[in-house]
Amino acid sequence: MAYLTPKTLTCPSCGHIGPLSWITGVPLDNAPRAGRGYVKVHKSGDWTVEKAEGETVVRCPTCTTEVTRRSLKP
């Protein structure tokens, strides 16, 4: 099962505002507490999305400041 979570992000440096949607999911065959869930960006708008070291980093397209960071597992 997966859940779509729309957010509106604001850059702390330049004030750029825009939408971004996350998908948080767990496979249907997942055993309880197996920890096989995932977090992905669904619609990034104009935000720059990078994956590094088990995390997703979202940066501002205007000034490249890090706006948010999420683990790839829920």
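This passage walks through the fold, the core and the charged pairs of a predicted model.

Since the model is predicted, local features are taken at pLDDT of at least 70 and side-chain atom pairs at pLDDT 80 or more, while totals for chains, interfaces and linings use all residues. Residues are numbered from 1 along each chain as its sequence is written, and side-chain values use heavy atoms, with hydrogens and water left out.

First, the overall make-up. The protein has 0 helices and 6 strands, where helices (H or I, at least four residues) and strands (E, at least two) are DSSP runs numbered from the N terminus. Along the sequence that reads β-β-β-β-β-β. Of the 74 residues, 23% are buried; here buried stands for under 20% relative accessible area, exposed for over 50%, and partly exposed for anything in between (1.4 Å probe, protein chains only). The accessible surface comes to about 4900 Å², and carbon and sulfur atoms account for 53% of that. These areas come from the Shrake-Rupley method with a 1.4 Å probe, and for residues only the protein chains shown count as cover. As for contacts (heavy atoms within 4.5 Å), 38% of those between residues at least 6 apart in sequence join residues at least 24 apart.

Next come the strands. An open sheet is built from 3 of them in the order β1-β2-β3, with antiparallel pairing; two strands are called paired if DSSP finds at least two bridges between them. The edges are held by β1 (2-10) and β3 (38-43), each of which has a single partner strand, so one side of each has no neighbour in the sheet. From one strand to the next, the twist averages 30°, with axes being lines fitted to C-alpha atoms (for helices, over the stretch in contact) and angles running from 0 to 180 degrees between N-to-C directions. Between β1 and β2 (residues 17-25) there are 9 bridges, and the two run antiparallel. On the β1 side, L9 sits opposite G18 of β2.

Further along the chain, β4 (residues 48-52) pairs with β5 (residues 55-59) in the antiparallel sense, over 5 bridges. T48 faces R59 of β5 in this pairing. The β4 and β5 hairpin has 2 residues between its strands, and E53 takes a positive phi near 50° there. β5 is also joined to β6 (residues 66-71) by 5 bridges, again running antiparallel, with R69 of β6 as the bridge partner of V57. These two strands form a hairpin as well, with 6 residues between them and a positive phi of about 60° at T64 in the turn.

On to the packing. A nonpolar core is a set of buried Ala, Val, Leu, Ile, Met, Phe, Trp, Tyr and Cys residues joined through side-chain atoms within 4.5 Å. The largest such core has 9 residues, namely L9, C11, L20, W22, V39, W47, V58, C60 and V67. Leaving aside residues up to four places away in sequence, V67 touches L9, T10, C11, P12, W47, V58, R59 and C60.

A link of another kind shows up at S13, which lies in the loop between β1 and β2. S13 is exposed, at 54% relative accessible area. With residues up to four places away in sequence not counted, S13 touches C63 and T65. S13 and C63 are 50 residues apart along the chain, yet 7.7 Å separates their C-alpha atoms.

Finally, the charged pairs. Side chains of opposite charge can pair when their charged atoms come close. Taking a salt bridge as a side-chain nitrogen of Lys or Arg within 4 Å of a carboxyl oxygen of Asp or Glu, the count is 3. One of them brings R59 and E50 together at 3.1 Å, N to O. R59 is partly exposed at 23% relative accessibility, and E50 is partly exposed too, at 33%. Another salt bridge joins E55 and R69 at 2.7 Å, N to O. That pair links distant parts of the chain, since E55 is in β5 and R69 in β6, 14 residues apart. Relative accessibility is 26% for E55, which counts as partly exposed. R69 also forms a salt bridge with E66, with the closest N and O atoms 2.8 Å apart. Through shared partners, E55, E66 and R69 end up in one salt-bridge network. Within that network, R69 is partly exposed at 41%, as is E66 at 29%.
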